[in-house]
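Hi,

Here is the structure I said I would pass on. Have a look at it first, and then read my notes underneath.

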Amino acid sequence: MKQIHKDYVRSFSLEKTKLDRLMDIIHARLGDHQNTAKRDDFEVFLSGERREEMTSTDEVLKLDNSRKSKIQRLLITGCASTEGAARPEHEIQVDFDGRISQNKTKVIISVRSDDAGWSDRALSEVEEQVERTSLQDGPTRVVLFVLVLGMLGLLMFLLLSSFTSMNSSLQVADGMWLRVRDLNRVEQILKPDRTITDEEMREINTMQLRNILQANKESQPSGLTKQKVFIGAPLLVVLACAVYLALRCYPSAVFLWGDEEARHKRMLNTRQTLWNIIIGGIAVSVLSKLLYTGLVGGHEKHAT
């Protein structure tokens, strides 16, 4: 007895038309064996550790698939056996396992028969139908992952730069309000090892007063801090939307019938809305940076 197994680690969406087409293929291949009795078995695994066994597609599709009794796994078995056989001689099994195992869902196809040629042909045709249930959202998940990391990096940069700005002001104070370029001038004044003149003392005091005013201007919330708020607030909204999208709007397994149809439609609407917010948030953040730089820069040039 030859038995073939093939596993697919992927996200999938199984709806009525795809399920019907899959069953048509299974029935067609089992029909290759004349003078055999055909039988379908369905095992449905629901939330809350509940399991139901059925014998027709219609029974499966009549399930409520509600939030409290949501389908998590569907095991389909089609077999053909001769009269009096201890077990079916020909069997095709497709397991749509939507339970999260090691953060991955999977589909398993198993074909069992003494006829090696038939097994290979059945596996190929069933595999083709299973491929059509795959969700092509891998690139989008990668984009969301990169987006979340990017937003976190930008927000951390804005936060750390605030502390850096504060530290710069403190460092100026520690040096008697003299910067590095000022210390070079002071060194020139003191180099001859003589008492400085009143004019030189006034020059040093002028440097100190100028640095005090500059440090005070840099630490004012009306300056750099406001700019960071204008840029950071939209980025924070973008980060929240991206995290919600990744966790709630890209399911790994969908059994699209019953109550799940309405839930899935709402989820798609939410997904579209959040993507619009993300695009708008990034645009607002960039425009805030450009407008703030232009307005403040222009004002400073005008004042100078």
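Below is what turned up, starting with the pocket and moving on to the charged pairs and the surface.

One thing to keep in mind as you read: this is a predicted model.

**The pocket**

The largest pocket comes out at about 740 Å³ in volume. It is lined by 26 residues, and if you want to find its centre, look for Lys 70, Arg 248, Pro 251, Glu 260 and Met 267, the closest ones to that point. Several elements each give two or more residues to the lining: the strands β5 (71-81), β6 (90-101) and β8 (253-256), plus the helices α7 (221-248) and α8 (260-303). Which of them gives the most? That is α8, with 6 residues. As for the chemistry of the lining, 11 residues are nonpolar, 8 are polar and 7 are charged.

**Glu 260 and its partners**

Two of the residues closest to the pocket centre, Lys 70 and Glu 260, also turn up as a pair. Their side chains meet in a salt bridge, with N and O at 4.0 Å. Why does this pair link distant parts of the chain? Glu 260 sits in helix α8, while Lys 70 is in the loop between α2 (57-61) and β5, so the bridge ties together parts 190 residues apart in sequence. The two partners differ in how covered they are: Glu 260 is buried at 8% relative accessible area, because the cut-off for buried is under 20%, whereas Lys 70, at 35%, counts as partly exposed.

Glu 260 has another partner too. Its side chain forms a salt bridge with that of Arg 263, and here the N to O distance is 2.5 Å. This one is local: both residues belong to helix α8 and are 3 residues apart, which is about one turn of the helix. Arg 263 is buried as well, with a relative accessible area of 14%.

**Other salt bridges**

In general, side chains with opposite charges can pair when their charged atoms come close. The model holds 17 salt bridges. One of them joins Arg 141 to Asp 137, with the closest N and O atoms 3.4 Å apart. Is each partner buried or exposed? Asp 137 counts as buried at 10% relative accessibility, and Arg 141 is partly exposed at 28%.

**A patch on the surface**

Now for the outside. Val 142, Phe 145, Val 146, Leu 149 and Leu 152 make up a nonpolar surface patch, and together they have about 490 Å² of accessible area. To find it, go to helix α4 (residues 138-174), where Leu 152 is placed. Leu 152 has 40% relative accessibility and so counts as partly exposed.

**A contrast inside**

For a leucine with much less accessible area, try Leu 235 in helix α7. It is buried, at 5% relative accessible area. Its C-alpha atom is 9.8 Å from that of Val 286, although the two residues are 51 apart along the chain.

If you only have a minute, start with Glu 260: it is among the residues closest to the centre of the largest pocket, and it has salt bridges to Lys 70 and to Arg 263.

Cheers

Technical notes. Residues are numbered from 1 along each chain as its sequence is written. This is a predicted model: local features need pLDDT of at least 70, side-chain atom pairs count only at pLDDT 80 or more; totals for chains, interfaces and linings use all residues. Side-chain values use heavy atoms; hydrogens and water are left out. Patches are made of residues with over 30% relative accessible area and no salt bridge: like charges are joined within 9 Å, nonpolar side chains (Val, Leu, Ile, Met, Phe, Trp, Tyr) within 5 Å. Accessible areas come from the Shrake-Rupley method with a 1.4 Å probe; for residues, only the protein chains shown count as cover. Helices (H or I, at least four residues) and strands (E, at least two) are DSSP runs, numbered from the N terminus. Buried means under 20% relative accessible area, exposed over 50%, partly exposed in between (1.4 Å probe, protein chains only). On a 1 Å grid over the protein atoms alone, a cavity is a set of points where a 1.4 Å probe fits but cannot get out, and a pocket is an open set with protein on both sides within 12 Å along at least five of seven lines; lining residues have an atom within 4 Å of a point. Grid points are joined across faces, edges and corners, and a volume is the space filled by probe spheres set on the points. Ala, Val, Leu, Ile, Met, Phe, Trp, Tyr, Cys and Pro count as nonpolar, Asp, Glu, Lys and Arg as charged, and the others, Gly among them, as polar.
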